[in-house]
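User: Could you walk me through this structure, one feature at a time? I would like to learn how to read each kind of feature as we go.

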Amino acid sequence: MKMHVTTQGNILKKSKTLSTHICTHTYRETHYTGHNFPMEMKLWVSLIVVSAITTSALGEFGGALVKGFYKESCPLAEEIVKHNVEVAVLKDPRMAASLLRLQFHDCFVLGCDASVLLDTHGDILSEKQATPNVNSLRGFEVIDYIKYLLEEACPLTVSCSDIITMAARDSVFLRGGPWWEVYLGRRDSLKASFAGANQYIPAPNTSLEGLIINFKQQGLDIQDLIALSGAHTIGKARCVSFKQRINQPNMLQTFYVDEFKRHSTFRRILRSQCKDSSRDNELSPLDIQTPAYFDNHYYINLLKGRGLLISDNVLVSEDHEGEVFRKVWEYAVDQELFFVDFVESMLKMANINVLTGIEGEIRESCRFVNI
């Protein structure tokens with residue numbers, strides 16, 4: 001996926017540049033005019049013009065996502081997003097994980113189209129009210145403010161779905177993770193799917209088989225599942241999300257002899273924090289070792305049986321063939337490998353069912369479709 005998008009984007013750019021160069025060269029060197037223009041030269045220029053129009057159409061009306069999409073139409077777009085994500089994360093470090101999670105929850109329902117940002121209005125029932133999102137998904141105000149600034153700078157130009165994509169990338173980088181060039185040019189959905197949000201976003205107690213099926217429905221494979229799960233190296237979860245994990249009967253969830261009872265101690269600490277339903281909204285870090293940094297400690301924790309959610313621990317506890325465990329181990333010992341695979345899977349996920357060209361719209365407000 002990564003190579004496909006890169007190659008296609010480069011071909012579009014090179015084709016457009018080449019067409020412009022040939023047209024200029026033909027005009028300057030030949031000086032043919034009117035009826036004196038040779039037939040073969042007319043045919044050649046016609047082909048060039050058709051090529052240029054086709055290239056333009058691919059880039060602006062239904063083509064692939066490309067790097068630097070707003071270079072001319074809104075040159076400061078990425079800088080505006082980056083600066084304001086940085087400000088938001090400085091005010092609330094947890095916001096980095098929230099903005100990253102926002103892209104996951106958007107792309108897994110209908111596609112990466114900002115449907116998750118729509119409020120309930122008219123015939124639209126907001127995805128924000130779905131079980132995986134209600135009182136849980138955050139970052140909407142940050143996106144709203146960025147959109148406001150972009151509308152001031154470049155009205156009806158930068159899509160809300162592209163803002164989500166840029167904000168997720170910048171959030172990872174600000175917490176010490178990798179930086180990558182994002183492909184842009186998405187447009188925004190005209191609808192939301194409350195039912196889809198309830199159906200396609202994995203629950204925190206999903207089995208490994210359920211996760212594999214869920215990711216496959218999005219066009220993502222097992223390696224994508226393992227790499228993207230590493231997003232849980234930052235952020236926090238509410239007690240209600242992992243209470244079932246700490247109260248379940250003891251089971252083998254580690255691949256080492258726990259002679260110092262670290263696993264039991266970890267669960268005992270969590271159990272004391274979430275002792276009753278009155279503390280369901282208490283927060284605990286998904287990565288207890290380095291909660292403020294985007295690194296590979298998530299996978300190290302998994303090997304020690306210290307993943308917070310059931311859906312984290314199943315990557316090792318339910319992997320009977322060893323394929324997932326081997327990749328978890330590789331990421332645990334090689335952070336750079338994890339970063340490379342994470343970026344590739346993020347690029348792949350960010351391309352799920354995108355709207356481009358004349359599909360959808362560029363919303364004026366991310367919360368409502370245009371009137």
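**Reading spaces, helices and single residues**

Analyst: Let's start with an enclosed space: the lining of the second largest cavity has five nonpolar, two polar and one charged residues. Here Ala, Val, Leu, Ile, Met, Phe, Trp, Tyr, Cys and Pro count as nonpolar, Asp, Glu, Lys and Arg as charged, and the others, Gly among them, as polar. This is a predicted model, where local features need pLDDT of at least 70 and side-chain atom pairs count only at pLDDT 80 or more, while totals for chains, interfaces and linings use all residues. Residues are numbered from 1 along each chain as its sequence is written, and side-chain values use heavy atoms, with hydrogens and water left out.

User: How many cavities are there, and what counts as one?

Analyst: Rolling a probe the size of a water molecule over the atoms shows where empty space is left. On a 1 Å grid over the protein atoms alone, a cavity is a set of points where a 1.4 Å probe fits but cannot get out; a pocket is an open set with protein on both sides within 12 Å along at least five of seven lines; and lining residues have an atom within 4 Å of a point. Grid points are joined across faces, edges and corners, and a volume is the space filled by probe spheres set on the points. In this model there are four cavities of 30 Å³ or more, and the second largest holds about 40 Å³.

User: Which residues line the second largest cavity?

Analyst: They are Gln103, Thr165, Arg169, Trp180, Val182, Met346, Leu347 and Ala350. Two elements, α6 and α15 (335–349), give two or more residues each to this lining. Helices (H or I, at least four residues) and strands (E, at least two) are DSSP runs, numbered from the N terminus. The protein chain has 15 helices and two strands.

User: Is glutamine 103 buried or exposed?

Analyst: Buried means under 20% relative accessible area, exposed over 50%, and partly exposed in between (1.4 Å probe, protein chains only). Glutamine 103, which lies in helix α4, counts as buried because its relative accessibility is 2%. Contact means heavy atoms within 4.5 Å. Not counting residues up to four places away in sequence, glutamine 103 touches Ile164, Thr165, Ala168, Met346, Met349 and Ala350. Across the whole chain, 48% of the 371 residues count as buried.

User: What is the volume of the largest pocket, and what lines it?

Analyst: Its volume is about 980 Å³. It has 38 lining residues, and Arg101, His105, Pro202, His232 and Leu309 lie nearest its centre. Elements giving two or more residues to the lining include α4, α8 (208–217) and α13 (310–317). The largest share, six residues, comes from α4. By class, the lining divides into 21 nonpolar, 11 polar and six charged residues.

User: How do I read a helix such as α3 (residues 77–91)?

Analyst: Begin with length: the expected span of a helix is 1.5 Å times one less than its number of residues. Helix α3 has 15 residues and reaches 22 Å from its first C-alpha to its last, close to the expected 21 Å. Then look for buried residues, which here are Ala77, Ile80, Val81, Asn84, Val85, Ala88 and Val89. Down the axis of α3 they fall within an arc of 155 degrees, so they line one face of the helix. That arc is taken from the directions from the helix axis to the C-beta atoms. What covers these residues includes α4, α5 and α6 (160–174).

User: Which residues of α5 are buried, and which are exposed on the other side?

Analyst: Phe140, Val142, Ile143, Ile146, Lys147, Leu150 and Glu151 are buried in α5. They fall within an arc of 170 degrees, so they too line one face. Glu141 and Glu152 are exposed on the other side. The cover over the buried residues of α5 includes α3, α4 and α6.

User: Where is aspartate 119, and what does it touch?

Analyst: Aspartate 119 sits in the loop between α4 (95–107) and α5 (140–153). Its relative accessible area is 19%, so aspartate 119 is buried. Beyond its neighbours within four places in sequence, aspartate 119 contacts Ile124, Ser126, Lys128, Arg367 and Phe368.

User: Is phenylalanine 173 buried or partly exposed?

Analyst: Phenylalanine 173, in helix α6, is partly exposed because its relative accessible area is 40%. Leaving aside neighbours within four places in sequence, phenylalanine 173 is in contact with Pro178 and Trp179.
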